[in-house]
Amino acid sequence: MNLVLQGLDDCQARLERIAALTAPKATKWIGERALRCEGITFSPALRQTIEVAAQAAQLDATYSIGMHKMSEFKLVAMDMDSTLITIECIDEIADMQGLKKQVSEITEAAMRGELDFAESLKRRVALLEGLDASALERVYEERLRLSPGAETMLAAVKKAGLKTLLVSGGFTYFTSRLKERLGLDYTHANELEIVDGKLTGKVVGNIVDADEKMRTVERVCDELGIMPSQAIVMGDGANDLKMMSISGMSVAFRAKPVVREQANVSLNFVGLDGILPLLT
C-alpha cells in the first residue's frame, strides 16, 4: 500500500512528520509539496491516525494500491461550480436580486443530498424571474474565479493527451465561456431561458441532474472509444456522485462529507493540481 501526502506552501516538515507515522519502506518526494510513502502496512487504526494527523496539519492524504499513471486515463470530467471554479454561479446571480441567502440555502441542501437536485434547481431559477440578463456577465467578469491549481492541472492533462469535459448542473452561459477560455473539449449544462433581455425563471429543456451528468460522461467516453474506467471525474456535491461512481478515479474537491466518503481521492487543502502527484 502507498500513501501520498501533500500540502501547500512550506509543508515539507509537516509532510515528513506525518510520513514517519506510517513506517514506510521508502519515501519519494514528488516535487516540493508531495511525499509518497511506499510499502506501508495498512490497517484501519493507522488510517484513522493518519487522517486525524493530516487534517490537523492541513495536509491531504491519499491511499492507493500500487501507483496510477497518467497514461491509464483518457478523459478528465469536471463539475463546474465549487469545483473548476470557486463560486456557485446561481447564488451569485441571485445576489443581484438580493436573494443570495434564500438561494444559497437551497443550493447547500441540494449539494448535501437533502433535496432532489432537479426540483431544487427549478425552485432557485424561479426566484430569478425578471432579472436583467446583464447580471450573468457581471457574475462572470466580477465574481467567477478558477479554483486553485485549475490551469496547472488542465495544462498537464492536455499535454498528456487527455480530453476534457465540463459537465455542470449550472448554466451554459458560463460553461461556454470557460470552454473557449480554457480550451476544453466538451461541455454540457443547463440553459437559462431569456426573453427580451430578462430571465424568465425557467430552464430550457431537460435539467442536467445527477443522472444526466453520468449519462454525459458515458456518452463522451463512447464517442472517444474508451471505458468510463479510463476517466477521472471530479466533483464536490451529491449530484456528482453518480458520474464519479463509474470513473476509474473519483476526486472529491473541497467537497461535502457525503462525497468525500465515497470518492477515491479527497482534496481538501491542495488545489485541483493535487491529482498530478497521484499520477506519476
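Is Phe42 buried, partly exposed or exposed? In this predicted model, Phe42 has a relative accessible area of 36%, which places the residue in the partly exposed class. Together with Met1 and Ile65, Phe42 makes a nonpolar surface patch of about 310 Å². Met1 belongs to the segment that precedes β1 (2-6), and this residue likewise counts as partly exposed, at 31% relative accessibility.

Two aromatic pairs were found in a search of the whole structure. In one of them, the ring centres of Phe42 and Tyr63 lie 5.5 Å apart with the planes at 80 degrees, so the arrangement is edge-to-face. Phe42 is located in the loop between β3 (34-38) and α2 (44-56), whereas Tyr63 is part of strand β4 (residues 60-64); the pair therefore ties together parts separated by 21 residues in sequence. Unlike the partly exposed Phe42, Tyr63 is buried, with a relative accessible area of 13%. An edge-to-face geometry is also assigned to Tyr173 and Phe174, because their ring planes stand at 70 degrees, with the centres 5.2 Å apart. Both Tyr173 and Phe174 are buried.

Phe174 also appears in the interior of the model, among the residues with the most contacts inside the largest nonpolar core, which has 59 residues. Met78, Leu84, Met153, Leu178 and Met234 are named alongside Phe174 in this respect. Beyond its neighbours within four places in sequence, Leu84 is in contact with residues including Met78, Leu146, Ala150, Leu154, Leu166, Leu178, Leu182 and Leu272, as well as with Asp79 and Ser147. A second core, separate from the largest, comprises 20 residues, among them Leu75, Cys221, Ala252 and Ala263.

Technical notes
Residues are numbered from 1 along each chain as its sequence is written. This is a predicted model: local features need pLDDT of at least 70, side-chain atom pairs count only at pLDDT 80 or more; totals for chains, interfaces and linings use all residues. Side-chain values use heavy atoms; hydrogens and water are left out. A nonpolar core is a set of buried Ala, Val, Leu, Ile, Met, Phe, Trp, Tyr and Cys residues joined through side-chain atoms within 4.5 Å. Buried means under 20% relative accessible area, exposed over 50%, partly exposed in between (1.4 Å probe, protein chains only). Contact means heavy atoms within 4.5 Å. Patches are made of residues with over 30% relative accessible area and no salt bridge: like charges are joined within 9 Å, nonpolar side chains (Val, Leu, Ile, Met, Phe, Trp, Tyr) within 5 Å. Accessible areas come from the Shrake-Rupley method with a 1.4 Å probe; for residues, only the protein chains shown count as cover. A salt bridge is a side-chain nitrogen of Lys or Arg within 4 Å of a carboxyl oxygen of Asp or Glu. Helices (H or I, at least four residues) and strands (E, at least two) are DSSP runs, numbered from the N terminus. Rings of Phe, Tyr and Trp (its six-membered ring) pair if their centres lie within 6.5 Å; planes under 30 degrees apart count as stacked, over 60 as edge-to-face and the rest as tilted.
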